[in-house]
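Trainee: I am new to this structure and would like a close look at one part of it. Could you take me through the salt bridges with some care, and then place them within the rest of the model?

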Amino acid sequence: MGLPIPAILEIGRSINFHPVRGAPEIIDGLINLRGKVVTIINTGLAFEAEKVKSTDESRVYILKNNTELREVADADFDIETSPDNIGIHVDRIADVISVENEDLQTVPANINHPFYKHVVRRGEEFIIILEPQKMLNLNEHQELLS
Amino acid sequence: MDKDNEIFQNFLIEMGERLQDLEEGLDELDQSYHPDIINKLFRAVHTIKGGGGFFGLTQIAELTHEFEDLLMKVREGELPFSKNMLPVFFSACDSLRDMHEAGDQGASLDISKLCSSLKGLQGGEELSEFPTQTPKDASQPTPVEAEMNQELETETQPIQEAAPKPILDTAQQDTKPTKALKATPASKKATKDSAQSKNETIRVKVDLLNKLMELTGEIVLGRNQLLRQFSRMGNKSTLHEMAHMISDLQQLVLQTRMQPIGSTFTKFNRIVRDLSKQLDKPIRLNIKGEDTELDRSIIESLSDPLTHLIRNCADHGLEPPDERLANGKDREGSIWLEAKHEGGQVAISVRDNGRGIDAEKVKAKSLANQVITQAEADSMGEKEAAKLIFHPGLSTADAVTSLSGRGVGMDVVKSTLEKLGGAIDLETKLNEGTHIIIHLPTTLTIMSSLIIRIEGDRFAVPHSELKEVILVRPEDELQIEQIRGQEVYRLRGSLIPILTLAEISGVDKPEDIESISTSNTENEECLFLVLHSGTNQFGLRIDSIDHTEEIVVKPLAQILSKFSYYAGSSILGDSDVAMVLSANGICQSRKLHNHDLESHKESQQSLAESQLIDIQEKQDLLVFKYASDEQMAIPLSLVFKVEQIDINTIQSIADNKFINLEGKNTLLLFLDAHLELKPLPENLKTYYIIVPKIKDFNVGIVASTIEESVHTRLNLDSPPISQQAILGITTIREQITYVIDLFTLAEQVSPERFKTSREICNPDKDRLLVVEDTPFFRDLEKTYFESVGFRVSVANNGQEAIQMLKEKPNYFNIVVSDIVMPVMDGYELVKLIKSDDKLSHIPVVALTSFSEEEHREKALAAGFDDYAIKTNKETILHSVNAFLDED
């Protein structure tokens, strides 16, 4: 799966989560990012897979918030994240690829997931491009909050 | 008009701001027309008009009035906007600016011409000439020009289109004896300078202040981290010096955002005056504590809720003059608006002396709107019922205006205040008025907080919400107790709920640290915080206290915002993240209401059951043993303290044994001398001494062991063998237990002091009614009074009492009543008695276990003739006799 790089503020190791008592399981907790408190979402649970565990390879992608995003607005890239800084916990960094806009294909209708935005073909593989805004707005996906 | 007055200065600043809006708006209007711009202009002019009118600045008021009328017509579409209007607008605006800057606020300016131009435009007249553009009449300069000319001469500003004109005409000299009339350039300039130095301020963008604040927050965090990192270093003087400076910096930055609330308050003078006219009710607004400072953002958001509350007071709370006169009140209604600091928070109170809220009607309406169920309604106290007006379900206009008027949008008021971290509370009394109290934090950003640990996690609790920290040791007489599985604690006479984080968050503690805390209170120390939100109090079980720290509260991400029991998160000195708990949020999420907590819980039970149980008050008993197998109990409320003593410290004088307790020689009382009991076992090394809380009864009752203190409903049976000092027997933990009558015991020990003479009673007036729900006290009081010759009748609660009184209105000579009772409490009883013509002559004495003075005042205010403490027999008899001897 892929995320547009402009949406990412930085990538850090997945350590020192501070759990939030009472919060749904999909929220790993809060971390202190140089004085900013960032909420971390466990992506595994968002895709009905297993929870991402903290390992040597696992990382948190800290996403820019909407204000930061607008400051570096890229004219041909229209993305939104959320009003707050939110991080997503991922298994590992796979690769950095560059994709031409025309290569982005819409998600086939039989693959139905609110977070998927585009599909890109890379050789034999398909890479799913996620939509950060949908993903971060967990309040719209009550089923994930339980 | 006192021009040094702070409020006035505030108005000047505000007017300056509005003028800027006005100027900006006009510039926009010059570019292109848009209704929004007219709106903006209208608002600006309207605000200035309000202030001008308030401070009696007639010139400003007059000009803005005309200006406003014209704008209104344009806004309403009565008059099409035309570019022709612009020059007049501009000159009006400039005129206002000049008045604003003039030392006398333009009192000496002639604005008649400008006003008439404005008026002319209103009539749709195409103005062919504008004062600024074609000044034809040289001897009658327009004010704008006059001002401009002054400026030209004093400050040599180039002003276009302004031909040199004589400075101010002299025609007004006699009307205005201020310095402006002799406005020579020099004096004019001097006034300006002094006006400026008085409020030497610059306007800074709030955004900038916010960033500054944020940054300071980070610096504070950094300081905390540094202090921690270098805590083991030897010489830290530089670091400490810096730390202090950072504290100062933080204080100052906080102050930049602080504003006196006065500016918000004073505008209510006008609002109330307007309302008074509109509603045709004379209203007096009393304002206090204008200089109480609050964070700017709080003050800004406070204006609307307060306006709403004041409007409610004036509109619905206060009665029309005739009704007030008929009720024996002043013709003029009063509203009190007060702000004051209260324990780290600011309390704002809005009070009126109007008709109050009829709780029953609110209840009925809530029932009809299905906001509450019948069972809830029945168990609901008056206070809680009145608070239903804050419920969104009751906020439709017709729902409440037809009742007592309150509630329109009260839920909005409440939620606005809660967003600010505040709490709102209400007290109301029918026909006496309503009192709304708002508690607010002074600032939202940096808070001094206590860092605590619960089950391994750290949490921050702001000091402003923290009342006290209580440690309950196993040997303490007051323990955390259980009511229907819910933990409660008796804190100075009031029961407060004790919550755990697991209850609040709905998540059980992580399994791996389960051993750290258990709910077993008997063998372990138990630590809890008493938190408060408004007048609600509750305890929060914690494991330990870490330290105190200044924290910067960061708002939670949106996805977490529904967890209202967190106020936010914060980064601690060791760069760890901690959640900040919010007492307010906890109260809301746990639906805690003060006073009504127990009834609320019981409302979940079946109604019949709860009524049955409610009829008896629970009683705390201290259970102990004298000899090995005989269990005794004393009401805990009568126990002063319990001590363990070494048998060797006992000293004997003649037959009496004494012990020195905290410097007081205390007589030891061996119960076997007064009751038929087995003697104490001889092999004891230590005794327990129970010191009763009875005046002049300075003894220690000896016990071999203290068993426990129980919180139980006391079912007393009369003792099988008549023993005087025993009140009755009951079963505690499946053991027969004697409940000791301490008063009789005291009489037996020192008869001369405690035997009250039986002759003090007037034989004609000996019929006394005891109203008391607790069987224990009922019997005790009955014994008291019978022992001095009264004929005593008893009632279980106010309802029973009032029935008995009504059946035989001339029978009873005096009523002695408890205050806190189920079904009908003492306050209500006394109200009924005093409002009944046949009964009002009967003196009613309140008898209660509270000893605080405030209760006394409340009781006396409610109509009780006197007030006595249950545990003090002498004062009871004294106050009862005082009434009977009177006539």
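Mentor: What follows begins with the salt bridges and then turns to their surroundings. Please keep in mind that this is a predicted model, and that the count of salt bridges over all chains comes to eleven. As general background, side chains of opposite charge can pair when their charged atoms come close.

A good place to begin is Arg458(B), whose side chain meets that of Asp546(B) in a salt bridge, with 3.4 Å from N to O. Because Arg458(B) lies in strand β9 (residues 457-462) of chain B and Asp546(B) in strand β16 (residues 544-552) of chain B, the pair ties together parts that are 88 residues apart in sequence. The two partners differ in their surroundings, since Arg458(B) counts as buried at 7% relative accessibility, whereas Asp546(B), at 29%, counts as partly exposed.

Arg458(B) also forms a salt bridge with Asp576(B), and here the closest N and O atoms are 3.5 Å apart. This second pair again links distant parts of the chain, for Arg458(B) is in strand β9 of chain B while Asp576(B) sits in the loop between β17 (566-571) and β18 (577-581) of chain B, 118 residues apart. Asp576(B) is partly exposed, with a relative accessible area of 32%.

A further salt bridge in chain B brings together the side chains of Lys834(B) and Asp865(B), at 2.9 Å from N to O. Lys834(B) belongs to helix α26 (residues 826-835) of chain B and Asp865(B) to the loop between α27 (853-862) and β34 (866-869) of chain B, and the pair links these distant parts of the chain, 31 residues apart. Lys834(B) counts as partly exposed at 27% relative accessibility, and Asp865(B) is likewise partly exposed, with a relative accessible area of 31%. Returning to Arg458(B), salt bridges that share partners join this residue, Arg453(B), Asp546(B) and Asp576(B) into one network.

To place these pairs in their chain, chain B has 28 helices and 34 strands, and of its 887 residues 49% count as buried. Among contacts in chain B between residues at least 6 apart in sequence, 66% join residues at least 24 apart.

Helices α4 (residues 85-101) and α5 (residues 112-122) of chain B offer another view, as their axes come within 10 Å and cross at roughly 145 degrees, in a left-handed crossing. Where they meet, Met85(B), Val88(B), Ser91(B), Ala92(B) and Ser95(B) in α4(B) contact Leu114(B), Ser117(B), Leu118(B) and Leu121(B) in α5(B). The buried residues of α5(B) include Leu114(B), Cys115(B) and Gly120(B), and their cover includes α3 (58-75) and α4 of chain B. In the loop between α4 and α5 of chain B, Leu109(B) is buried, with a relative accessible area of 5%.

Helix α22 (residues 742-749) of chain B is largely enclosed by the rest of the structure, because six of its eight residues are buried; among them are Leu742(B), Phe743(B) and Leu745(B). By contrast, Ile202(B) is exposed, with a relative accessible area of 72%, and together with Val204(B) and Leu208(B) makes a nonpolar surface patch of about 310 Å².

Terms used:
Residues are numbered from 1 along each chain as its sequence is written. Chains are lettered from A and ligands numbered from 1 in the order in which they are written. This is a predicted model: local features need pLDDT of at least 70, side-chain atom pairs count only at pLDDT 80 or more; totals for chains, interfaces and linings use all residues. Side-chain values use heavy atoms; hydrogens and water are left out. Patches are made of residues with over 30% relative accessible area and no salt bridge: like charges are joined within 9 Å, nonpolar side chains (Val, Leu, Ile, Met, Phe, Trp, Tyr) within 5 Å. Accessible areas come from the Shrake-Rupley method with a 1.4 Å probe; for residues, only the protein chains shown count as cover. A salt bridge is a side-chain nitrogen of Lys or Arg within 4 Å of a carboxyl oxygen of Asp or Glu. Buried means under 20% relative accessible area, exposed over 50%, partly exposed in between (1.4 Å probe, protein chains only). Helices (H or I, at least four residues) and strands (E, at least two) are DSSP runs, numbered from the N terminus. Contact means heavy atoms within 4.5 Å. Axes are lines fitted to C-alpha atoms, for helices over the stretch in contact, and angles run from 0 to 180 degrees between N-to-C directions. A crossing is left-handed if the near helix is turned anticlockwise from the far one by less than a right angle, and right-handed if clockwise.
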